[in-house]
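Trainee: I should like to go through this model with you, beginning with its charged pairs.

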Amino acid sequence: IVGVVVSPPKQRLGDKPNSRFHLRAETVTSGGAPTDARGTRIFVNLREAPPLDYGDRVRLQGILKIPRPPRNPGEFDFAKYLSLQGIHAELRCPNRSLDKLGSGHGNPLIALGLRTRGWISQQITRGIGENNPEAASLILAMTLGLRDDTPDYIEDKFRFSGTLHVFAVSGLHVGIVAAIVWFTALVLAPIIGLPRTAAVLAVIFAILAYALVTGLRPSACRAAIMGSIFFAGMLIGREPHVINSTAAAALVILLPDSNQLFRPGFQLSFLVLICIAIMANAVTRYLSRPLYPDVFLPASLVPPRHRTLFAAARQIAGLTGVSVAAWVGSSPLTWLYFGLVTPVSIVANILLIPLAFLVLGTAAFSVALALVPNPLPAELANEANALWTKTAAASAGAFSAIPGGHWTVPAPAHLLRDECEITVLDLPYGGAAAHLALPGWGGHWLLDPGSERAFRHSVHPLLRSYGCNRLDGLLLSHGDIEHVGGGATAIREYAPRRLLTTPANSISPAWRNSIATAAELGIQIQRPTSGDIIDLGHGTSLHILYPPGEKIRGFVADDRSLVVQLRLANGCRLLFLGDSGFYTEKWLIQHTDPETLRSDILINGQHGNDLSGLPGLITLISPRAVICNNPTPSILARFAELEQAGRLFDQTQTGAVQIRTQGAETLMESFLGDQKLLLKP
């Protein structure tokens, strides 16, 4: 593919460095025949790429494919995210697959904005970048939206305090820029003899320039269009009206790209602004009523100290009114899209919004000090800004830690569930994880958390969609990193009340780290053996079938895995065979009562290097349905009859499998496709 880089490349470092960007294709060559592809945008994922800039013209070699949809419920839908930007193809490129053909082929205005952003980044972090990289990353995130170098835990502080709009560039930042320029221009206009319209034009220019410098982020562009329309009314002698200006801005944004209507950011921006316009003044007046002095008392008799206190209190009341209105407008959508409600944000915004003013104002002052030959004043301003940003991060962390300050709320589909729901996730590389949600707002169990990456990208979003704040229990089946690599993270984030794991010690660092983390947090650790029963409540229980208490045969982690049978209240049995191999399966055949082994649904894994799926064991289990993760041809052959009857769920085709009890019946559904199976009692 030959094309032009049309988005600032995002470099990711680490063991597998890569670069991601949008490409405006010119030609695509496949099988020796070039095809004209002008107007097509492609998302590129390039390994070990040399530094690239916006506007570079490149030739790339790789695999062109359609972006993959999510395979598990709750996962981020990357394909949909790209499609809303008009991108429907992805190019994955191996090492040394890039030829740079030229530069300067992008939009000159955007290129100027990106160069300006690079210069401003250096100016506002001068003197603190090397000694205090965390503060530098905070300044860049809160002023220019450059969040790539900011640790996730800092972003979480702002998210859970309901103040992410303070941390990431949003309409708030554009509004602050407009306010700073407006008041500065009003002060300077009489001094230098400029008309009031000059202040209006300065504001419009400033907010459009700020949107350009921040990389034309959608949130900044929306706010810049809103602000420009609002202030433009003054140029033609019309009194600005927030509702009218908002409606006009919506039309201007939607006419060239109606897909904006379906973006959460667009919906949040406009709903919050409308709520502020409708509610903020009313709330402010209500809160300010007790703060005014007696109306019959002459103003000259009110002491100056009291006047100052009344004025400050009214300012706080105004901030509170805006904060309450913004929370009312944003809460339904943050619940719907993110499963989060943050009442603490009403109070947090009262402190953090003035801090955001301070951060942006100091950054603007630092940029102005670039005119001073001596770098010391700019460095002192940047040191002060580092203090403001650290104060903002610490405040957000304190607010996010307040009990009841934020709630993880179930998605509408899970809000009023009255049955048991099990999700067997589809994870890559032989990984495994299954989530059990008991009826109502009852308990949550996780049977293996998957690898660290799988937990972050697949398991964690699923738990959030159920409104899970704490796990009742976490089971670590064995030391395979693809099964328990995310164990320590799951324990820290969801603090399970108890941890179940195999009685056989493992040399796996991931398993040992999980056990050590649980012990450090004082979590009860149980090592059940064959014959033990763990009551989960609601008529549901876990029956441990393997391993026994005595010495276990086999040498690898898969031979030491827990084999558990989940018995539901309606009598349905699910057998999690895990990655069991020959030794485990032979022991189950010889030592387990056939009636105990019998299960309705078999969740079958694959041993790393040994024979599994012994016919004798399958006969004893007599499953009515089987779920297989990446099954081998031999496994598929063993379940050929079930496959023909539509009772085999091959997760390479179905993605995750969701199991729900419906009274005495049990319904199995594939996440991808439309495979369904109803198991009657």
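**Salt bridges and a helix contact**

Mentor: Arg38 is exposed, at a relative accessible area of 65% (buried means under 20%, exposed over 50%, partly exposed in between, with a 1.4 Å probe and protein chains only). This is a predicted model, in which local features need pLDDT of at least 70, side-chain atom pairs count only at pLDDT 80 or more, and totals for chains, interfaces and linings use all residues. Residues are numbered from 1 along each chain as its sequence is written, and side-chain values use heavy atoms, leaving out hydrogens and water.

Trainee: Which side chain does Arg38 meet in a salt bridge?

Mentor: A salt bridge is a side-chain nitrogen of Lys or Arg within 4 Å of a carboxyl oxygen of Asp or Glu. For Arg38, the N to O distance is 2.7 Å. The partner is partly exposed, at 48% relative accessible area. It is Asp36.

Trainee: Is Asp426, the salt-bridge partner of Arg71, buried or exposed?

Mentor: The closest N and O atoms of Arg71 and Asp426 are 2.5 Å apart, and the two residues lie 355 residues apart in the chain. Arg71 has a relative accessible area of 14% and is buried. Asp426, with a relative accessible area of 11%, is likewise buried.

Trainee: At what angle do the axes of helix 4 and helix 13 cross?

Mentor: Helices are DSSP runs (H or I, at least four residues), numbered from the N terminus. Helix 4 covers residues 152–160 and helix 13 residues 376–400. Their axes, lines fitted to C-alpha atoms over the stretch in contact, with angles from 0 to 180 degrees between N-to-C directions, come within 8 Å and cross at roughly 60°.
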